[in-house]
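Colleague: I am new to this structure and would like a close look at a single part of it. Could you walk me through one site slowly, and explain each term when you first use it?

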Amino acid sequence: ASKRRGKNCIEFFNIDMQREALRLMLLEEDLRHALAHRQLALAFQPIVNLEHNRVAAFEALVRWHHPEQGLLMPGHFIPAAEQSGLIVPLGYWVLRSVCQGLVARIEAQRDVVPVALNISPQQFRDKHFMIEVQAILDETGVPPELLEFEITESTLMDNLAATIDILNALKVLGIRISIDDFGTGYSSLALLKQLPVDTLKIDRCFVKDIGEDEEDRQIIQAVIAMSAQLHLEVIAEGVETQAQSDLLYAFGCRRVQGYFYGKPVIGAIPDTQPLPQPVL
Ligand code: C2E
Ligand code: MG
Ligand code: MG
Ligand code: MG
């Protein structure tokens, strides 16, 4: 396992922790300002159904147009947002924006597919989480079945009793739930069975070397088999090549997301047609 982590799965390595702490403090002040001054944006990346060759959904991913530093990616500021608690209002901004975008498409009679968005650990544990979600649904009038909340495996496993209550409440509203970065945490099959989730998203570190690494291939096959048993959808993340896509298809995976099918694009929720052309 440590070999795996060293190889692909950890994004922060070789950093000076103290400098990082200072950078986060400085960013926090800017981020507070960003939330109030419309510097955040969403990028949308397609999730493609290989069976029908159609866009099945989009994932919304936050971006920050920093006035001095330019376009910042989430890996750069989400840690600061988590540390300061600003991730909570940021998360509600994302949810509200996605809902407004979906309603705008419905009103304009454009095609609509569900949009997935990421819920941070802190937001998921926020006392007012369900109240806020309900308020945003009411305020925007979005059909809840067009929303999919992505929550990481470790967040869900943190306090299982509380997790199950929240997930059940989301289910009652009609919101779909995915386990993000699946395979990097510690979920046992027994735990997984207790959770009312719809989808497992296989972390991209398992997809990366699927062509060469027998162990990764076995993990992916096991996850796909398990998903079928539990009647869960499975999405493979980080698909960058035709070869990876073909292997995943052969293993029974029908939904994929990755640069091969389309990078995240900043703007409004895109049309589902034409299908983004695979990058060859
Ligand atoms: P994630 O939810 O697992 O999102 C997938 C990440 O993988 C995105 O990075 C996406 O651009 C990237 N990706 C997609 N396809 C490929 C590929 O083929 N190859 C490679 N190398 N990467 C690919 P991004 O946008 O930088 O986001 C990183 C993480 O930041 C997300 O991981 C998620 O955990 C977090 N994040 C993004 N937006 C939000 C948000 O609105 N709220 C919260 N709480 N977290 C967010
Ligand atoms: Mg995600
Ligand atoms: Mg993920
Ligand atoms: Mg990830």
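**The magnesium site, residue by residue**

Modeller: Let me begin with glutamate 150, which is buried at a relative accessible area of 2%, where buried means under 20% relative accessible area, exposed means over 50% and partly exposed lies in between, computed with a 1.4 Å probe and the protein chains only. Please keep in mind that this is a predicted model, in which local features need pLDDT of at least 70, side-chain atom pairs count only at pLDDT 80 or more, and totals for chains, interfaces and linings use all residues. Residues are numbered from 1 along each chain as its sequence is written, chains are lettered from A and ligands numbered from 1 in the order in which they are written, and side-chain values use heavy atoms, with hydrogens and water left out.

Glutamate 150 belongs to the set that coordinates the magnesium ion (ligand 2), together with Glu59, Asn118 and Asp180, at 1.9 to 2.2 Å; the donors are N, O and S atoms within 2.8 Å of the metal (3.2 Å for Na, K and Ca), and sites may look incomplete because water is not among the atoms. Read along the chain, these donors follow the spacing E-x58-N-x31-E-x29-D. Since glutamate 59 lies in strand E2 (residues 54-66) and glutamate 150 in strand E5 (residues 147-152), the pair ties together parts that are 91 residues apart in sequence. Here helices (H or I, at least four residues) and strands (E, at least two) are DSSP runs, numbered from the N terminus. Glutamate 59 counts as buried, with 4% relative accessibility.

The site continues with a second ion, for the magnesium ion (ligand 2) and the magnesium ion (ligand 3) are 4.0 Å apart, and aspartate 180 coordinates both. Around the magnesium ion (ligand 3), the protein donors come from Asp180 (OD), Asp181 (OD) and, listed twice, Glu237 (OE), at 2.1 to 2.6 Å from the ion. Their spacing along the chain is D-D-x55-E. Because aspartate 181 lies in strand E6 (residues 176-182), while glutamate 237 is in the loop between strand E8 (233-236) and helix H12 (242-250), this pair ties together parts that are 56 residues apart in sequence. Glutamate 237 is buried at 11%, whereas aspartate 181 counts as partly exposed at 25% relative accessibility.

Aspartate 181 deserves a further look at its backbone, since most residues other than glycine have a negative phi. In strand E6, aspartate 181 has a positive phi of about 55° although it is not a glycine. Away from the metals, arginine 38 likewise has a positive phi, near 55°; arginine 38 sits in the loop between H2 and strand E1 (40-49) and counts as exposed, at 78% relative accessibility.

One last point concerns the cysteines: a search of the whole structure finds zero disulfides, a disulfide being a pair of cysteine sulfur atoms within 2.5 Å. For cysteine 253, the nearest cysteine sulfur is that of cysteine 205, 15 Å away. Cysteine 253 is buried at 0%, and cysteine 99 also counts as buried at 0% relative accessibility.
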